[in-house]
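Dear colleague,

I am passing on the structure we spoke about, and my notes on it follow underneath. Please read them with the model open beside you.

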Amino acid sequence: MIKKENIKVIISDLDGTLLNNEHQISPFTKAIFQQLHNENYLIIVATGRHHLDALPIVEELGCPVYLVTSNGGRIHSPEKELMYSFDINSDAIKSVLDLDIDPEITTVLFKEKVWQSNKENKKLNSFQTVMNYPNEIVDFNAIKDLSAIKFFFTHNDHQKLVELKDRILVDHSDDFSHAFSLPFCLEFMDKSVDKSIAILKILEKENFTFEESIAFGDGFNDEKMLISSGKALIMENAVESLKSKLSHLEVITSNENDGVAKYLTKILLS
């Protein structure tokens, strides 16, 4: 059990973790994080969201945070300066999109200023509370430059995405890492990109270690981050398969019930 005095760093995912079901930060969570900042805890938010999408959300916390976005493809400092960036090259993505993917599946590329998709997807649109990061419907066959920060596929049938993942990994297991951020969302990043790798860069810069951190998450894109941290908590609303895989980790109350802020209050502030 990690002791309170050994915790120097707080790490949290956004969707399903720090954000409620309306994809917003509650006033209670905001107040607790401002108090934690005032007590000199280093705060890192690590999300699968694009930085243009995530920046206005973390601003709502009202305190400085390091921001890891696109599952590690970008790192921004508390001053919003870009510290690190990595893009997947166009040819690698083209070889995946050439696989004759079921047209019912929504394909998304995270570009620097827009997210491109093969169709409109209302479920994805609902995640955007601030329209900082616009969507562009495109024909991927007609695009020459497919380079992107990350790419992902979404469909309500989880099994369809599992089958697609297996097809892609036949020839690309050395090129990409992948994760189900949600059961309906299959994400691919370059092999060198992961939330945990990006967080380590920040910790080294600030002279901290993972052992001094407490981390919160709810998706498979949080897995390595959770395993690496000195203390890790899984949200009650996380998928059962993640809870089973990391069964040694404590499960806390849901994102909708301010689980992260309530736990941090109990452990660090009371």
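In this predicted model, the largest nonpolar core has 32 residues, and the ones that touch the most other members are Ile10, Phe33, Phe216 and Leu264. Two or more residues of this core are supplied by each of the helices α1, α2 (27-38), α3 (51-59) and α10 (259-269), and likewise by each of the strands β2 (42-46), β12 (213-217) and β13 (231-235). Helix α10 makes the largest contribution, with six residues. If you would like one residue to start from, take Leu264, which, leaving aside residues up to four places away in sequence, touches Ile10, Phe33, Leu36, Ile214, Phe216 and Leu269. Another core lies apart from this one and has 23 residues, including Val96, Val162, Ile168 and Leu186. As general background, nonpolar side chains in soluble globular proteins tend to be buried together.

The next item is a sheet. It is open, has six strands in the order β8-β7-β6-β9-β11-β10, and shows mixed pairing. Its edges are formed by β8 (135-137) and β10 (176-182), each of which pairs on one side only. On average, and with direction ignored, neighbouring strands are turned by 25° against each other. Within the sheet, β6 (residues 106-110) and β7 (residues 115-117) are antiparallel partners joined over three bridges, and Phe110 has Trp115 in β7 as its bridge partner.

Two helices should be viewed together with this sheet. Helix α4 (residues 90-97) packs on the sheet and touches β6, β9 (150-154) and β10, with a direction that makes about 15° with that of β9. Helix α6 (residues 158-172), for its part, lies across β9, β10 and β11 (185-190), and runs at about 170° to β10.

Lastly, I would draw your attention to a charged side chain and its surroundings: is Asp15, for instance, buried or exposed? Asp15 is part of helix α1 (residues 14-18), and it counts as buried because its relative accessibility is 16%, whereas the cut-off for that term is under 20%. The side chain of Asp15 makes a polar contact of 3.2 Å with that of His23, and a further polar contact, of 2.7 Å, joins the side chains of Asp15 and Arg49.

With best wishes

How values were computed:
Residues numbered from 1 in each chain as written. Predicted model: local features only at pLDDT ≥ 70, side-chain atom pairs only at ≥ 80, totals over all residues. Heavy atoms only, no water. Pairing = 2+ DSSP bridges. Helix = DSSP H or I, 4+ residues; strand = E, 2+ residues; numbered from the N terminus. Axes fitted to C-alpha atoms, helices over the stretch in contact; angles between N-to-C directions. Contact = heavy atoms within 4.5 Å. Buried < 20%, exposed > 50% of the residue type's maximum accessible area, 1.4 Å probe, protein only. Polar contact = N/O pair within 3.5 Å; in protein donor to acceptor, adjacent residues only side chain to side chain. Core = buried A, V, L, I, M, F, W, Y, C linked by side-chain atoms within 4.5 Å.
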